[in-house]
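Hi,

Here is the structure I promised to send over. Have a look first, and then read on for what I found in it.

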Amino acid sequence: SREVHLASRPSGWPTPENFTVAEAAVPELGPDQVLVRNVVMSVDPYMRGRMDDRPSYVPPFQVGAPLDGGAVGEVVASTSDTVPVGAHVLHGLGWRELAVLPAARVTVIDTTLAPAGAYLGVLGMPGLTAYAGLLEVAGMTAGDTVFVSGAAGAVGSLVGQIAKLKGAARVVGSAGSAEKVRHLVDDLGFDAAFNYKDGDVRGQLRTAAPDGIDVYFDNVGGEHLEAAISALNNRGRVAICGMISQYNADAPTPGPRNMAMIIGKRLTLRGFIVSDFNALQPTFVREMGGWLADGSVRTQETVVDGGVDAAGQAFVDLMRGANTGKMLVRF
Ligand code: NDP
């Protein structure tokens, strides 16, 4: 079987040379284990942090060892009574063709209800991130004006749509191309959107939300966070989900220059990790499943073919914005 190893730690932006494909022996199955042939795997921005050698909420990847991450595959051998051959499972050993796992570490999924990739996107980790971050962390309620950055990505595209379904008065998104901006407004029902690469994020946000914003869902940090702090109304709330504009920085980046506004406006800025909200998963899947079934949530995926040979490049491309919606690698 072949797997992707971290060849070297990126300094600044990752490149395809940071990844290498290696042969690995497939171990014999022990008791209560499954052998999974991966069908589709996820590349996610948080993986960039794991490529650096520093402690975080997930341990760093090791140079010369395989990477890991979310994947869906088909069970091709099993010594488990509960997970049979032929089952499709969600698990944490992506970046390889074949994975051996304890049956307790896989979740059987129903690929007749939703395609395999949905369990890595809209019904999976990014979906729960959007749902919990918007509703629990930011405490969005009907009538709020909501701004989300990274709005054409896996998490952001769902934040905007959930906000509309929960009665937001106005939903504004930012993204990195004219085509993504068009997609947000024409396909996903955002009230307004702008291309942050046109510059003046603060001015573009003011134009898009002339009466200010009540909730900011931050996927980006930096200039976006500063603009949002300026645009937030009194008692505004911010879910700090990600700061992708800083993940490839090789030196500390400047913070928002307007932090003092947090005081007078009584703002709340709150960071979170999706796993804090694992207990919400059944509620989330029920509600999101309904929205998908009746067409009130729409998703787009960017799927790259080529399995382990394509995964490193797909990760690099994700960081540069090549994706609309969830970025996936198909085997
Ligand atoms: P996306 O699908 O949104 O992909 C990443 C996107 O980030 C790219 O498509 C690109 O789009 C955008 N981007 C890259 N660089 C910049 C930049 N300098 N400024 C603005 N946008 C940029 O990824 P996800 O939906 O999976 O993740 C979105 C965010 O949520 C990330 O920050 C991630 O770390 C975070 N996250 C946090 C979790 C948590 O538990 N707290 C869980 C899951 C995700 P564009 O073309 O618009 O630039």
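Let's start with the layout. Please keep in mind that this is a predicted model. The chain splits into domain 1, made of residues 2–121 plus 299–330, and domain 2, which covers residues 125–275. Their C-alpha centres sit 28 Å apart. As for how they meet, 15 residues of domain 1 are in contact with 16 residues of domain 2. On the domain 1 side of that contact you'll find 9 polar, 4 nonpolar and 2 charged residues.

Now the ligand. Where does it lie relative to domain 1 and domain 2? Both domains give residues to the shell around the ligand, so it lies between them. There are 30 residues around the ligand, and the ones that come nearest are G153, V155, G176, G242 and G321. If you want to find the shell by element, look at α2 (125–137), α3 (154–165) and α9 (308–319), which each give two or more residues to it. The largest share comes from α3, with 3 residues. Sorted by class, the shell around the ligand has 17 nonpolar residues, 11 polar ones and 2 charged ones.

Stepping back to the whole chain, I counted 9 helices and 15 strands. Along the principal axes, the C-alpha atoms fill a box of roughly 60 × 45 × 35 Å. I also checked the overall size: a compact globule of 331 residues would have a radius of gyration near 20 Å, and the chain has 20 Å, so the two agree. Of those 331 residues, 44% count as buried. If you take the contacts between residues at least 6 apart in sequence, 67% of them join residues at least 24 apart.

One last stop is helix α8, residues 281–293. How far apart should the ends of α8 be? At 1.5 Å a residue, its 13 residues should span 18 Å, and the end C-alpha atoms are indeed 18 Å apart, so α8 agrees with the expected span. Just after α8 comes G295, which takes a positive phi of about 80 degrees.

If you only have a minute with the model open, I'd go to the ligand and pick out G153, V155, G176, G242 and G321, the residues that come nearest to it. Then turn to α3, which gives the shell its largest share.

Cheers

Technical notes
Residues numbered from 1 in each chain as written. Predicted model: local features only at pLDDT ≥ 70, side-chain atom pairs only at ≥ 80, totals over all residues. Helix = DSSP H or I, 4+ residues; strand = E, 2+ residues; numbered from the N terminus. Expected span 1.5 Å × (residues − 1). Rg over C-alpha atoms; globule rule 2.2 N^0.38 Å. Buried ≥ 20, exposed ≤ 12 C-beta atoms within 10 Å, placed from the backbone. Contact = placed C-beta atoms within 7 Å. Near = placed C-beta within 6 Å. Nonpolar A, V, L, I, M, F, W, Y, C, P; charged D, E, K, R; others polar. Domains from an automatic or database assignment.
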